[in-house]
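Me: Please examine the structure below with me. I should like to ask about its pocket lining, its cysteines and one of its sheets.
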Amino acid sequence: MKELTILKKPLFWLLLILILLWGAVFSLPDKQLHLVFCDVGQGDAILISYSQVQILIDGGPDNKILSCLSKNMPFWDRKIEIVVLTHPEEDHFGGLIDVFKRYNVRYFVANSLVNDRASFWQFYRLALAEKASFYSPKAGDKIRIGALEFLVLWPEKDFLKTDNFNDSSVVLKLVYGDFEALFTGDISEKVEKLLDLPARLAAKRAGGVEILKVAHHGSKFSTSEEFLRKIKPKLAIISVGKNRFGHPTPEVLERLNQAGVKVLRTDQEGNIEIVSNGWGWYNSP
Amino acid sequence: MRLRFISLFFLLFLCLYLFRLTQTPRYFIAEGKPVKIVGRVTNQPYFNDSYQIIKLGPVLILAQRFPGYFYGDKVEVFGKFQKEVINPFKSQYMSFFPTIRLLKEEESLISKTNFKKFLLKTRGQIEEKIKRLLPEPQSSLLLGVVLGVKTQMPEDFWQHLRKTGTLHLVVASGQNVVMVVGFLMNISVWFLKRRWAILVAVLGIVVYVLMVGAEAPAVRAGLMATMIFIGQLLGREVNPGKFLCLTAMVMLLICPLILFDIGFQLSFAATAGLLWLHPLLLTKLSALGKIPVLGEGLLVTLAAQLAALPILLVNFGQFSWLSPLVNALVLPLIPLLMVFGFIIAGLSFFSSFLAQLLSWFVWPFLSWFVKVVEFFGGLSWTNWEMGEISCWWAVLYYLILLIFLIKAGFKPNERIDHS
C-alpha cells in the first residue's frame, strides 16, 4: 500500500496537527446563546447551547437527532451537560436512546413516569447505565447552568399521571439576560391555564417571551388564545413532521395568526436556529 | 489440449452446480393467514431509523426497532407472510410487524454459531465505542470502511453514498482483507517462520471475514487471499485471474443460491474488471492516468465500473456518471482510514483517552470524505435514472466487452489491492 508511506513523513503529521488546531479554533463556540429546533420529523428535539454547555430538550422519535447534534456541536465535544425528557412518549424519548449511547450525559432531567413499551425500557436501562445524575423537577424549581437559568413551571407535584403523559410534561422557561423562551412539551389547554405564569413571568419583566415552542406539535387542544395573550410570544416554533393527527392544526395556526405571532415550522424550514446575546436575537433561516 | 481440458473442467463444474442448485431446500409457508414459525436469526439484523429487518434464512421480517435482536437468536414469529418469487430457484417470504418471541436456549460453547456470535458481539462493542468517539456521519463512515457496517448510518448520508456510487467503499471487501493480511504478516514474521506467519494470516482472514458478517464480497476476498497463500506455500506461480474463477466456483458449489446475490455479482464483476480491464485502460487511456493525484483512482474506478455497470443498471436502474471522479477524490484516503480505524478499534478496548486522541486525527480525513460525497450527492444532474432494464442487455454488454478484451489480447493484472 504505497498510500501509507505518507504516514512516515513528519511533514504529514505536522500538517495534520495544524489542520486539527485550526479546525478546533474555528469550531470554538461564540459567547452567544444558540437555540436549535432540530428537524426530527414528528417529534420534539431542541438543542440549547451556550459556550461549551449543551442542554438537549427531548430527542425526537429516532436517530435523526444525531446529525442535528453533529452539525451544532464542536466535533471534539462528546458531552451534553443536561438532557431533559419532558414526558415518556416515543416521539420525545426515541432519539434519546442513541444520544445516551453516544454522548456523555451529566444530568438527566425527567419526571418519574414510565411508559410500558419495550423501547422505553431500553432507554431506561441506558439512562441508568450512563450514571448521569437523575433529577425529577417540580414547579417552582430553578436549574442554573453557566449564564443560563431555567424556571420549572410544570409539573405540579400531584399532577403526575400515567394516564395522561402529555399533561405531565416538564415545562421550562429559559432566561438569558432579557431573552426568554418557553418550552411547553405536549401540554394541553387545561395545563396552560394552570401554569403559574403571571407571578413567575412578571418576576423579571412585564413583556412577553421571545420564543414559544408551540405545545404538542400544534394540536388544537393546546395553545389557546388566552395563553397566547398572556405570554405574548414574538416567534412561535412548531416542531412537526409527517403525521396522521393533522398537526399542526389549522385552528392553532389561525390563533397564532390572530395574535400576530410569526410562525416557523421544522417540516418547512428544517433545523431552525435562534441566536441571542441576551437582549437582541435573530433566527435562521 | 489445454483448451479441451479447460472446457471439460468447466462442463464438469456446470453439471455439479446445476445438481447443487436443484438440491437447495425449498420452504413453504402458507400465505394470507396467521402462521407461527420458529427459526434462528441468520444475519445480523439491519437497523434503520425506526425499524429493523430480521432475516431468518429465506424469511424477512420487518419489526419495531426495539427490542433489538441478534445473530443466532432463536425466535418464534407469529404473523402473516407474503411470498415473493425472485427467480425459479429463489423465493423469499416477508412479514410486516408480526409478534416475535425470543426463545431461551441452552448455550453450548463450542459451535460455529456461537463462535460467530462471539465475533459479532465483539464487532458490536467496537461499533459502540467508535460511535462514542466521533460525531455522525463520520463515525458511521469509519465503521463502514473498517468493518463494512452499514446499519444505523444516517439515512441521508447513505443516500448520498448511493447516488455518488461510493457505497462499495463502506463494504468490507478485498482491500480490507489485504490490510488485515498485511498487518498480521508484518507483525508475525518478526517472531515466526514464514509458513507459520502465513497460517496466522489465514486465521486472521477467517476471523475478520466472520466478524464482518461473512457477506459475499468479504468471503470472496478471503478465499482468494487464502488460495494465493496456499499457492505461495506450494511454490506455484500466482495468477490472480485463475484464483478468481476458482473462488467463484468454490463459493457457488458450497452455496448455489449466492449466484443471485447482488453483492456476489458486483464483487466478482468489479474484481474481474480490475484484473483484465484495468491494464487495458492503463495503455489505452494513459493520458487520463497521468492526471496528478486523481489519475490512478480514476482508472481503477473506471475499470471496476465498466465491468459492473450492467449489474448496477439491471438491479438499481440508475448510474452516476460522475462516480469515477468522486471515487478518485476519496480513494487515496481509504488505506489511511483503515489503518487509523483498525488502531482506534484496538485501542478503544484499552484506553478510551488514546482512542479519542487518535480519532481526532482521523476526523479531518473523514470530514473531507463526507463533504465530497455530500457535495456531489446533492447535485441533481449527476444521475441517470433509466428504470430497470432487461437482463438480456447485460448479457449483450458482457459479450461485447469479452470480444473487445480478446481482440486487445487480455493480460491479467498482478495487482489485487483494490476492489
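Me: How many nonpolar, polar and charged residues does the lining of the second largest pocket have?

Reply: The model is predicted: local features require pLDDT of at least 70 and side-chain atom pairs pLDDT 80 or more, while totals for chains, interfaces and linings use all residues. Residues are numbered from 1 along each chain, chains are lettered from A in the order written, and side-chain values use heavy atoms, without hydrogens or water. Ala, Val, Leu, Ile, Met, Phe, Trp, Tyr, Cys and Pro count as nonpolar, Asp, Glu, Lys and Arg as charged, and the others, Gly among them, as polar. By these classes, the lining has 11 nonpolar, 14 polar and 11 charged residues.

Me: Which residues lie nearest the centre of the second largest pocket?

Reply: A pocket is an open set of points on a 1 Å grid over the protein atoms alone, where a 1.4 Å probe fits, with protein on both sides within 12 Å along at least five of seven lines; lining residues have an atom within 4 Å of a point. Of the 36 residues in this lining, those nearest the centre are Pro61(A), Glu90(A), Asp91(A), Ser50(B) and Gln64(B).

Me: Which parts of chain A does the disulfide of Cys38(A) and Cys68(A) tie together?

Reply: A disulfide is a pair of cysteine sulfur atoms within 2.5 Å, and those of Cys38(A) and Cys68(A) are 2.0 Å apart. Helices (H or I, at least four residues) and strands (E, at least two) are DSSP runs, numbered from the N terminus. The pair joins parts 30 residues apart in sequence, because Cys38(A) and Cys68(A) lie respectively in the loop between β1 (33-37) and β2 (46-50) and in helix α2 (residues 65-72).

Me: Why is Cys245(B) not bonded to Cys15(B)?

Reply: Cys245(B) is partly exposed, at 39% relative accessible area (partly exposed lies between buried, under 20%, and exposed, over 50%, with a 1.4 Å probe and protein chains only). Cys15(B) holds the cysteine sulfur closest to that of Cys245(B), yet the distance is too far for a bond: 18 Å.

Me: Which strands stand at the edges of the open sheet of 3 strands in chain B?

Reply: Two strands pair if DSSP finds at least two bridges between them. The order is β1-β5-β8, with antiparallel pairing, and 5 bridges join β5 (residues 74-79) to β8(B). Each edge strand has a single partner, so one side is left without a neighbour in the sheet; the edges are β1 (35-40) and β8 (99-103) of chain B.
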